[in-house]
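Please look at how the two chains of this model meet. The report below goes through that interface and then turns to a pair of helices.

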Amino acid sequence: MGMETESQFHVLAVDDSLFDRKMIERLLQKSSCQVTTVDSGSKALEFLGLRVDDEDPNVLSTSPHIHQEVEINLIITDYCMPGMTGYDLLKKVKESAAFKSIPVVIMSSENVPARISRCLEEGAEEFFLKPVKLADLTKLKPHMMKTKLKKESEKPAKEEESEVSKPEIKEEEDPSVIEILPLHQELESEKLEPLMSGGNKRKAMEEVISTDRSRPKYNDITTSV
Amino acid sequence: MDALITQLQRQFRDYTISLYQQGFLDDQFTELKKLQDDGSPDFVAEVLTLFFEDCVKLISNMARALDQTTGNVDYSKVGASVHQLKGSSSSVGAKRVKALCVSFKDYCDTQNFEGCVRCLQQVDIEYKTLKTKLQDLFNLEKQIIQAGGRVPQVDIN
């Protein structure tokens with residue numbers, strides 16, 4: 001059905017748990033994304049082509065072998081990882097000139113408002129509570145589209161995405177853009193609403209754990225803490 | 001043959017529903033099933049296998065960490081394993097196991113030895129019970145397919 005684009009979105013998934021990597025990989029594949037999984041932040045940076053200086057891990061340089069062919073449209077990472085946390089990885093990506101435009105999404109099994117705000121402030125596009133659901137991943141398309149849009153303006157590539165002209169692809173369930181399963185569209189329709197209406201948003205905040213799964217930029221949460 | 005298929009499908013449906021109603025599974029299990037398709041026909045079985053292997057490993061870690069004969073109990077070690085088990089049980093929809101992990105985590109945080117030991121025993125029983133039930137469910141699936149039928153999509157509520 002619909003747009004089987006030749007150039008699929010390629011997502012880099014980072015999680016130290018084998019189990020979680022298997023889950024996120026399947027979720028992403030089911031959402032028609034190409035996936036590469038790595039088990040640590042440092043491996044993620046390596047994959048991107050950012051070399052970590054052996055002596056001073058705070059110094060990042062771009063390796064001469066940048067993976068130009070592997071275009072990553074989004075990085076999704078677990079928050080709690082040994083060594084480099086997802087937050088550390090987020091920072092490193094956003095600090096790098098070459099890769100700061102890549103959208104980063106953080107996942108966590110713990111609902112800690114301060115943690116969520118910190119990640120969003122550092123530039124994460126979304127914060128997903130685990131277990132991540134298929135419906136959550138539909139939120140990724142708009143962010144990945146933005147990077148494609150950028151490439152569009154840089155080189156005259158022929159992509160048939162007509163939605164390029166719609167920069168406001170927010171949470172709308174636009175079937176022509178987002179490949180979602182009809183099943184979860186019915187089940188999850190009420191969960192998508194919170195992003196639109198203020199009333200539900202408040203409700204979602206109150207029932208922090210149960211209803212709202214992912215949290216795009218909201219400032220409200222810091223005031224209630 | 002049709003009568004057999006229908007009967008098996010009915011059994012499958014009833015059994016599935018009962019697992020949800022009795023709290024063994026929650027809607028995350030439903031989410032898991034959505035990820036299975038013709039391209040990944042064994043996804044659920046693979047994930048559950050991983051999960052049950054995790055259970056064995058993590059429970060063994062917890063037991064070792066709670067072993068007082070080797071010295072003081074390192075509750076953070078226990079907690080770390082509980083945290084992992086909570087995560088994976090949550091991801092597969094293993095409702096009871098997950099609920100136990102929540103209590104277990106509390107006992108770890110408060111360094112309540114008896115509480116931890118009790119939870120450890122319960123979590124061991126609980127994952128084994130779930131494993132048996134899911135095996136029964138998978139067997140029903142197999143029988144349906146072998147009889148030439150299709151495994152029904154079960155609509156929970």
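What follows describes the contact between the chains and then one helix packing.

This is a predicted model, in which local features need pLDDT of at least 70 and side-chain atom pairs count only at pLDDT 80 or more, while totals for chains, interfaces and linings use all residues. Residues are numbered from 1 along each chain as its sequence is written, and side-chain values use heavy atoms, with hydrogens and water left out.

The contact (heavy atoms within 4.5 Å) draws 21 residues from chain B and 19 residues from chain A. Lys34(B), Leu35(B) and Leu50(B) lose the most area to chain A within chain B, together 33% of what that side buries. Between them the chains bury about 1800 Å², 64% of it on carbon and sulfur atoms, where buried area is the accessible area (1.4 Å probe) that two parts lose on being put together, summed over both.

Four salt bridges are found across the interface, a salt bridge being a side-chain nitrogen of Lys or Arg within 4 Å of a carboxyl oxygen of Asp or Glu. One of them joins Lys133(A) to Asp27(B), with the closest N and O atoms 3.6 Å apart.

The helices below (DSSP runs of H or I, at least four residues, numbered from the N terminus) each supply at least two residues of the side of chain B that touches chain A.

| Helix | Residues |
|---|---|
| α2(B) | 27-34 |
| α3(B) | 43-65 |
| α4(B) | 75-92 |

The largest share of that side, six residues, comes from α3(B).

Within chain B, Gln28(B), Phe29(B) and Leu32(B) of α2(B) meet Ser90(B), Ser91(B) and Val92(B) of α4(B).

Terms used. Chains are lettered from A and ligands numbered from 1 in the order in which they are written.
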